[in-house]
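Q: Please take a close look at one part of this model, the nonpolar patch on its surface, and then follow the chain outward from there to other local features worth checking by eye.

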Amino acid sequence: MPLPNGPSEATADTVGPINALEADRYVEELRTFDFKMFGDARWMNQHEFLTKLNMQAHVNASQQRDEFVLEAMVLHEKVPLLIRELIACELWKAKAYPHLQDFLSASNSVKGYLLIYNEAVMANFLEALLYHQDGCEAAGDLIVELADYCHRKLVWYLNSEIPAHPEGVEEVKKAILDETPEQYLHKQQEAINLTCAQYALSIARFFTDHLHSLPLSVTARLVDTYDLLMLLCPLLELKPWQQELKGGEQRRFINNEWVRVSADDARQMHKPEAQAWLAVYNL
C-alpha cells in the first residue's frame, strides 16, 4: 500500500477521498489510544480516518489547492496528538509487537501489517503538515519529541542494510515460493521502517526550513545535541536509499518498495537525497 510521495501524475487530476466537511469531522474525532486498544474497532476506524486525511493533504499540496486538512488540524489542535500517537506506535512496535508477531503472522497477517503500517501513515501525514510553518508552530512543545523521533530514525537509516536482491527470474520465483508468513511480515516491517526513515528525513529538512519560528529547544536538539549536519553527511555518502546492481543498473526505494530505475531516472536526484542536501544547505 504505497503512500503519497509528493506531486505525481496519480494526484495531478484527482479530487481526493474526502471534502472539507468530512476532513473537519475526521480531525475532530481523532483521539489517543492505550496499548491494549491497538487493533480494536475504534483504532481501525481512526487508522482509516488518518489514511484518508493523509491522502487528501497530499492531494491538496500537489494541486496547490485549499489546505483544509491542515487548517482543520491546526484549528482543532490535533497536531500534538498526531505526534503523540506516532511515538506511541513506535513504542508499541518495539515493546509489544515482538510478543505478538508469531500470532499475527499465523492468524491475522492483514491486521499485523496495518498495526505496523500505521506509523508510516502518521509520519507521512506529519510530513505533509510540517511542510508549512503553521503546521510546525501548531505542534507545540511536542515538536521536541518529533525531533528526537527523527534523529532515532536517521541513525537507524544510517546503519540499515540494503536487502539482497535475487538475480534472475528463477531466483525471484524461488525466493517467493520459499518465503514463510513470518518472513513476509518481517520483510514488510523492514520496508515500513525504511519508509518511515525517509519521511523522518523530509521532516528534519522542514525543521531546518522553519528554524526561525521553532522553539529554541528544537534548534538546540538539531544543532548541538544531535549535530544533524554530521548525521546528514554520511547519509549522503552511503545513500542507503539506492543500490547499484550488476551491469550498471540501479535500484531505489520508492513508495515502500525497491524498484529498478531506468538510466534516465538514475541520472535524476532521488527525493531523499534532495531533502538531505536541502537540510545541509539550510544548516
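A: In this predicted model, the side chains of V223, L229, M230 and L283 form a nonpolar patch on the surface, and their accessible area comes to about 330 Å² together. One of these residues, V223, belongs to helix α12, and because its relative accessibility is 46%, between the limits of 20% and 50%, V223 counts as partly exposed.

Helix α12 covers residues 216-225 and α13 covers residues 228-238, and the loop between these two helices holds D227. The backbone of D227 deserves attention, since its phi is near 45°, a positive value in a residue that is not glycine. With a relative accessibility of 34%, D227 is classed as partly exposed.

A comparable backbone feature can be found at N255, which is likewise not a glycine and has a positive phi of about 50°. The setting of N255 is the loop between strands β2 (250-254) and β3 (257-261), and N255 is partly exposed, its relative accessible area being 34%.

A further positive phi, of about 55°, is taken by Q64 just after helix α3. That helix runs over residues 41-63, and because its 23 residues at 1.5 Å a residue should span 33 Å, the distance of 33 Å between its end C-alpha atoms agrees with the expectation. At the start of α3, a side-chain oxygen of D40 comes to within 3.3 Å of the backbone nitrogen of R42, so this pair lies inside the 3.5 Å cut-off used for a polar contact.

The strands on either side of N255 also lead to a buried position elsewhere in the chain. L194 is located in helix α11, which comprises residues 181-209, and because its relative accessible area is 8%, under the limit of 20%, L194 is buried. Leaving aside residues up to four places away in sequence, L194 touches W156, Y157, S160, F253 and W258; for orientation, β2 spans 250-254 and β3 spans 257-261. As for F38, which is 156 residues from L194 along the chain, the C-alpha atoms of the two residues are separated by 22 Å.

Taken in order, then, an inspection might begin at the patch of V223, L229, M230 and L283, pass to D227 in the loop between α12 and α13, and end at L194 in helix α11.

Terms used
Residues are numbered from 1 along each chain as its sequence is written. This is a predicted model: local features need pLDDT of at least 70, side-chain atom pairs count only at pLDDT 80 or more; totals for chains, interfaces and linings use all residues. Side-chain values use heavy atoms; hydrogens and water are left out. Helices (H or I, at least four residues) and strands (E, at least two) are DSSP runs, numbered from the N terminus. Buried means under 20% relative accessible area, exposed over 50%, partly exposed in between (1.4 Å probe, protein chains only). The expected span of a helix is 1.5 Å times one less than its number of residues. A polar contact is a pair of N or O atoms within 3.5 Å; within protein, one must be able to donate a hydrogen and the other to accept it, and residues adjacent in sequence count only if both atoms are side-chain atoms. Patches are made of residues with over 30% relative accessible area and no salt bridge: like charges are joined within 9 Å, nonpolar side chains (Val, Leu, Ile, Met, Phe, Trp, Tyr) within 5 Å. Accessible areas come from the Shrake-Rupley method with a 1.4 Å probe; for residues, only the protein chains shown count as cover. A salt bridge is a side-chain nitrogen of Lys or Arg within 4 Å of a carboxyl oxygen of Asp or Glu. Contact means heavy atoms within 4.5 Å.
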